[in-house]
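Let's take a walk through this chain together, beginning at its surface and ending at the pairing of its strands. Keep the model open beside you as you read.

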Amino acid sequence: MTFALHVPDAELEPEPLDPDQIVAGTPEVTGRVLWSSPDGRQLRGLWQITPGTVTDTEADELFVVVSGRATIEVEGGPVLEVGPGDAAVLRAGDRTTWTVHETLRKAYAITLP
């Protein structure tokens, strides 16, 4: 399927967070998978999170921030400050803490093991 989409205001669906991931605030996550490979290992899509702090264990991912700001602390690694136009790469197994300062929307490409 080939299509174009205006990313900043594309409609997203709720993706409930595991309460154990929430460190602070009441963040809410929405997203939309735009494409997945036949085997389900590769995903391309949009993801958004409202302000708060959450933990996660990452997949191999490249993302570009469309809007918002966050600080991403990678356990045993760098602290990433991301905002509109920033690209970042996360590795499978990275344990992260996301502190979202302004509702963050990103476009992503994920590869699952």
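**From the surface to the strands**

The chain exposes about 6600 Å², with 53% of that area supplied by carbon and sulfur atoms. Please bear in mind that you are looking at a predicted model. Charge is another way to view the chain: there are 8 positive and 18 negative charges, and the mean positions of these two sets lie 5 Å apart.

Now step back to the overall dimensions. Along the principal axes, the C-alpha atoms fill a box of roughly 40 × 30 × 25 Å. How does the radius of gyration fit with a compact globule? For 113 residues, such a globule would have a value near 13 Å, and the chain has 14 Å, so the two agree. As for the interior, 34% of the 113 residues are buried, meaning that they keep under 20% relative accessible area.

What secondary structure makes up this chain? There are 9 strands and 0 helices, so a trace from the N terminus simply reads β-β-β-β-β-β-β-β-β. Contacts also reach across the sequence: taking those between residues at least 6 apart, 66% join residues at least 24 apart.

With that picture in mind, let's look at some of the pairings. A good place to start is strand β3, residues 29–36, which pairs with strand β1, residues 13–14, in the antiparallel sense over 2 bridges. Here P14 has T30 of β3 as its bridge partner. Strand β3 also pairs with strand β4, residues 42–49, again in the antiparallel sense, this time over 7 bridges. Within this pairing, W35 stands opposite R44 in β4. The two strands β3 and β4 form a hairpin, with 5 residues between them. If you follow the backbone through the turn, pause at G40, where phi is positive at about 75 degrees.

Further along the chain, strand β6 covers residues 60–74 and pairs with β8 in the antiparallel sense over 4 bridges. One point to locate on screen is V64, whose bridge partner in β8 is A87.

Strand β8 itself, residues 87–90, is a nice one to finish on. In a regular strand, side chains alternate between the two faces of the sheet. Which residues of β8 lie on the covered face, and which on the uncovered one? A88 and L90 form the covered face, whereas A87 and V89 form the uncovered face. That places A87, the partner of V64, on the uncovered face of β8.

Note on methods:
Residues are numbered from 1 along each chain as its sequence is written. This is a predicted model: local features need pLDDT of at least 70, side-chain atom pairs count only at pLDDT 80 or more; totals for chains, interfaces and linings use all residues. Side-chain values use heavy atoms; hydrogens and water are left out. The radius of gyration is taken over C-alpha atoms; the globule rule is 2.2 Å times the number of residues to the power 0.38. Buried means under 20% relative accessible area, exposed over 50%, partly exposed in between (1.4 Å probe, protein chains only). Contact means heavy atoms within 4.5 Å. Accessible areas come from the Shrake-Rupley method with a 1.4 Å probe; for residues, only the protein chains shown count as cover. Lys and Arg count as positive and Asp and Glu as negative; His and the chain ends are not counted. The place of a charge is taken as NZ of Lys, CZ of Arg, CG of Asp or CD of Glu. Two strands pair if DSSP finds at least two bridges between them.
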